[in-house]
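These are my notebook entries on one structure. I set down what I looked up, entry by entry.

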Amino acid sequence: MAGKKIIAICQSGGEFEADKDGSLSYRGGDAHAIDIDDQMKFNEFKMEVAEMFNCSISTMSIKYFLPKNKKTLITISNDKDLKRMIKFHVDSVTVDIYVMTEEVVALDVSNMPASRSSRTTLSEAVVPVDAPLDMKDDMVDDTTYPDVSLGLPLDVVDDTTHVDVDAQITMPNEISPVLPLSISNEEKHVKAAQQWQNTITGVGQRFSGVHEFREALRKYAIAHQFAFRYKKNDSHRVTVKCKAEGCPWRIHASRLSTTQLICIKKMNATHTCEGAVVTTGYQATRSWVASIIMDKLKVFPNYKPKDIVNDIKQEYGIQLNYFQAWRGKEIAKEQLQGSYKEAYSQLPFFCEKIMETNPGSFATFTTKEDSSFHRLFVSFHASLYGFQQGCRPLLFLDSISLKSKYQGTLLAATAADGDDGVFPVAFSVVDAETDDNWHWFLLQLKSALPTSRPITFVADREKGLRESIAEIFQGSFHGYCLRYLTEQLLKDLKGQFSHEVKRLMVEDFYAAAYAPRPESFQRCLETIKSISLEAYNWLIQSEPMNWANAFFQGARYNHMASNFGELFYSWASEAHELPITQMVDVIRGKIMELFFTRRTDSNQWMTRLTPSMEEKLEKETVKVRPLQVLLSGGNTFEVRGDTIEVVDIDHWDCSCKGWQLTGLPCCHAIAVISCIGQSPYEYCSRYFTTESYRLTYSESVHPIPNVDRPMEKDSSLVAVTVTPPPTRRPPGRPTTKRFGSQEVVKRQLQCSRCKGVGHNKSTCKELL
């Protein structure tokens with residue numbers, strides 16, 4: 001279905017004029033309007049525009065400005081570019097489109113330093129900014145990392161010329177970057193850099209500092225397609241010559257006395273070298289790549305390095321490799337998001353701010369002996385209050401690996417609200433998932449939750465959780481996560497079982513876990529025993545009293561896996577590449593939004609129970625009709641149907657165990673309740689009522705101002721130093737941990753020739 005329509009104001013026949021601030025204005029020409037949406041194809045759009053202005057499709061190019069940026073022209077060349085343009089202007093009613101006809105225009109270079117042949121190389125940059133002040137005469141490549149943040153993602157039309165005070169230089173029309181060019185491949189590749197031809201104008205031109213001069217020089221070299229080398233490069237002087245042997249092109253700039261200004265003192269603008277067609281990525285620094293993709297990365301945070309490679313090749317004719325694009329993206333991300341290292345140093349201030357803006361919250365961290373980050377614990381007052389007032393005493397413990405620069409793991413405790421939605425209670429960022437870190441997390445959780453009621457935990461039995469839960473939360477219950485048990489079972493099985501056999505064993509294992517009575521539990525285990533005695537023995541030794549409904553003493557409400565909080569972990573996955581303080585604040589923002597949305601929604605409910613629990617109760621009520629209730633003295637009743645069950649109305653107990661396991665009356669209990677003239681709602685767990693649900697979300701999570709810009713700190717916080725942990729992200733693509741329902745058993749190869757498992761037809765060695 002088509003999205004929002006935008007009116008494209010198509011203009012042609014005019015010309016661009018540069019204003020004093022470098023922005024461009026379009027003067028003259030004709031204009032027509034056309035409706036477009038995200039379903040329109042580029043070719044269809046281009047044909048309609050060509051027909052509108054009576055011009056040839058093959059010699060026409062279409063451009064537009066980014067919102068609030070009259071210095072940057074973007075070229076539309078395919079369907080993806082058109083959709084991107086519509087997305088940029090989704091909040092606007094109109095968008096200005098500029099139609100240019102491609103004609104061969106001879107550039108007038110009489111007023112410019114000598115240009116280069118299209119066959120010559122581009123600017124090469126490989127010398128660090130912090131190079132020694134005394135550089136030898138040996139020429140080194142340029143790798144300066146300028147501070148200038150350009151933010152030019154695609155075709156850039158920006159007058160960056162620095163005009164000398166005494167000299168007035170006008171931009172000749174012949175070198176306007178928006179003038180049509182020939183459509184040969186070589187000229188098309190450098191089309192985006194045309195506006196940089198005049199960034200160096202000659203002797204007397206001034207710059208605010210060496211960084212600005214180096215950046216202008218790099219752009220100039222890319223526009224004129226030549227490579228250069230530094231002969232001198234320090235904080236007060238820069239001498240550069242053409243990389244080609246024997247070529248006299250040379251430029252020298254140095255600081256004006258008593259100022260920070262850099263002025264070009266000498267320049268030989270003549271090139272005699274022929275050059276070579278070299279457009280490889282060593283000519284572009286990572287900072288240059290970062291400045292080019294900055295604006296686009298703001299709009300598309302998942303801008304992939306391979307797309308960066310393709311876009312820069314298309315727009316600038318420079319061939320980067322994947323690593324260069326990745327490094328450039330990392331620099332751009334750090335400039336947009338802030339420094340990872342700085343974020344760790346802000347943790348003392350950040351924790352103080354959490355507790356200041358959200359009174360009653362817990363936020364604490366620890367460091368190692370060398371002051372490096374160890375672990376952080378956060379639990380907001382609204383979460384603690386909501387859990388204690390409206391949630392079942394049931395917590396799910398799980399973790400997710402973080403793929404940030406310094407890795408780490410996020411540990412979390414989530415609960416289930418009255419509508420069976422995920423309710424975040426507390427989380428922790430630790431350097432690694434270890435027994436000690438889980439123990440510390442549970443200690444902090446115990447301090448934050450001073451409750452006397454026993455809590456049921458659903459968690460893995462490994463990682464020291466079994467011992468830590470029993471020690472810290474005495475009197476509570478630990479239900480083993482079936483997902484982790486299944487993975488461990490299949491890992492420990494030594495026999496060669498087919499995929500189908502493993503699937504059947506897993507089904508029987510889950511049936512045994514959900515079985516409400518010991519006899520049905522035993523029947524399921526006997527089925528597994530008939531398949532594999534090894535699997536049967538493994539399950540018997542895995543402490544069924546901690547995972548089987550027939551024996552478990554706690555109240556899990558039929559929640560058998562610890563990954564119940566997958567919604568929460570998805571938030572962490574979306575923010576895991578941010579610096580630690582920003583990642584935590586993104587999670588805080590998600591929790592704040594969740595609380596507000598659910599509180600608002602619940603105010604519209606007119607039912608006594610939450611919607612999902614009303615639905616479950618209704619399903620049980622439908623099953624009541626064929627049941628027969630036999631009244632007896634006291635509070636015990638016999639209910640006959642497919643089976644004969646005994647209901648104890650006072651103790652909320654039915655021999656089918658459905659009432660005890662779910663907290664809602666089963667069909668047998670509802671039949672008895674109806675017979676004695678009472679309402680089933682009176683026998684539902686209070687945690688499922690709309691009133692309790694609203695109480696759960698009654699408190700709010702408040703924003704934390706100035707997360708990435710700490711103000712004046714207290715003296716007590718200044719003394720605390722936090723540095724990044726020593727762990728760094730390893731090379732290669734990080735693994736992805738998926739959440740949600742997954743098939744635990746991996747499918748084995750099955751040969752279509754001999755029907756055996758573990759190999760395929762091409763590697764089959766059976767003699768048939």
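**Entry 1. Positive phi values**

I began with Ser371, which is partly exposed at a relative accessible area of 25%. I found this serine in the loop between strand E13 (362-367) and strand E14 (373-379). Its phi is near 75 degrees, a positive value in a residue other than glycine. I noted why such a value draws attention: most residues other than glycine have a negative phi.

I then looked up Asn558, where phi is near 65 degrees, again positive in a residue other than glycine. Asn558 sits in the loop between helix H16 (533-540) and helix H17 (566-575). With a relative accessible area of 30%, Asn558 is partly exposed.

**Entry 2. The model and its confidence**

I record that this is a predicted model. The mean pLDDT of the chain is 79, and 80% of the residues score at least 70. Among the elements of the chain, helix H22 (residues 690-696) has the highest mean pLDDT, 95, and helix H23 (residues 715-718) the lowest, 46. Across residues 103-186 the pLDDT is below 50, although the model gives this stretch 243 contacts beyond near neighbours in sequence. Residues 709-718 also stay under 50, and for these the model has 10 contacts beyond four places in sequence. I do not interpret either stretch further, because predicted coordinates should not be read in detail where pLDDT is low.

**Entry 3. The chain as a whole**

I counted the secondary structure as 23 helices and 23 strands. Of the 768 residues in the chain, 51% are buried. The chain exposes about 36400 Å², and carbon and sulfur atoms supply 50% of that area. Among contacts with a separation of 6 or more, 67% are between residues 24 or more positions apart.

**Entry 4. Nonpolar cores**

Which residues have the most contacts inside the largest nonpolar core? I listed Leu397, Leu410, Val425, Phe427, Leu445 and Phe568, in a core of 99 residues. I followed Val425 outward, leaving aside neighbours within four places in sequence, and its contacts include Ser379, Phe387, Leu395, Ala413, Leu445 and Leu449. A second, separate core has 46 residues, among them Ile62, Ala284, Val289 and Leu297. For context, nonpolar side chains tend to be buried together in soluble globular proteins.

**Entry 5. Salt bridges**

I found 24 salt bridges in the structure and examined several of them.

Glu215 pairs with Arg218, their closest N and O atoms being 3.2 Å apart. The two are 3 residues apart in helix H4 (residues 210-224), so about one helical turn separates them. Glu215 is buried at a relative accessible area of 2%, and Arg218 is buried at 0%.

Arg503 and Glu500 form another salt bridge, with closest N and O atoms 2.2 Å apart. These two lie 3 residues apart in helix H14 (residues 499-514), and about one helical turn separates them. Arg503 is partly exposed at 27% relative accessibility, and Glu500 is partly exposed at 40%. I add the general point that residues three or four places apart in an α-helix point the same way, because the helix has 3.6 residues a turn.

What does the salt bridge between Asp420 and Lys616 tie together? The closest N and O atoms of this pair are 3.2 Å apart. Asp420 lies in the loop between strand E16 (409-416) and E17, and Lys616 in helix H19 (residues 611-622), so the pair ties together parts that are 196 residues apart in sequence. Asp420 is partly exposed at 23%, and Lys616 is partly exposed at 40%. Both belong to a network of salt bridges that also takes in Arg392.

**Entry 6. Asp431**

Is Asp431 buried or exposed? I take Asp431 as buried, because its relative accessibility is 14% and the cut-off for buried is under 20%. Asp431 lies in the loop between strand E17 (422-430) and helix H11 (435-448). Its side chain makes a polar contact of 3.0 Å with the side chain of Asn437. Apart from residues up to four places away in sequence, Asp431 touches Lys368, Phe373, His374, Gly408 and Asn437.

**Entry 7. Helix H2**

Last, I looked at the start of H2, where a side-chain oxygen of Asn78 comes to within 3.1 Å of the backbone nitrogen of Lys80. Within H2 (residues 79-88), the buried residues include Asp81, Leu82, Arg84, Met85, Ile86 and Phe88.

Terms used:
Residues numbered from 1 in each chain as written. Heavy atoms only, no water. Buried < 20%, exposed > 50% of the residue type's maximum accessible area, 1.4 Å probe, protein only. Helix = DSSP H or I, 4+ residues; strand = E, 2+ residues; numbered from the N terminus. Polar contact = N/O pair within 3.5 Å; in protein donor to acceptor, adjacent residues only side chain to side chain. Contact = heavy atoms within 4.5 Å. Salt bridge = Lys/Arg side-chain N within 4 Å of Asp/Glu carboxyl O. Areas by Shrake-Rupley, 256 points an atom, 1.4 Å probe, with all protein chains shown as cover. pLDDT = per-residue confidence, 0-100. Core = buried A, V, L, I, M, F, W, Y, C linked by side-chain atoms within 4.5 Å.
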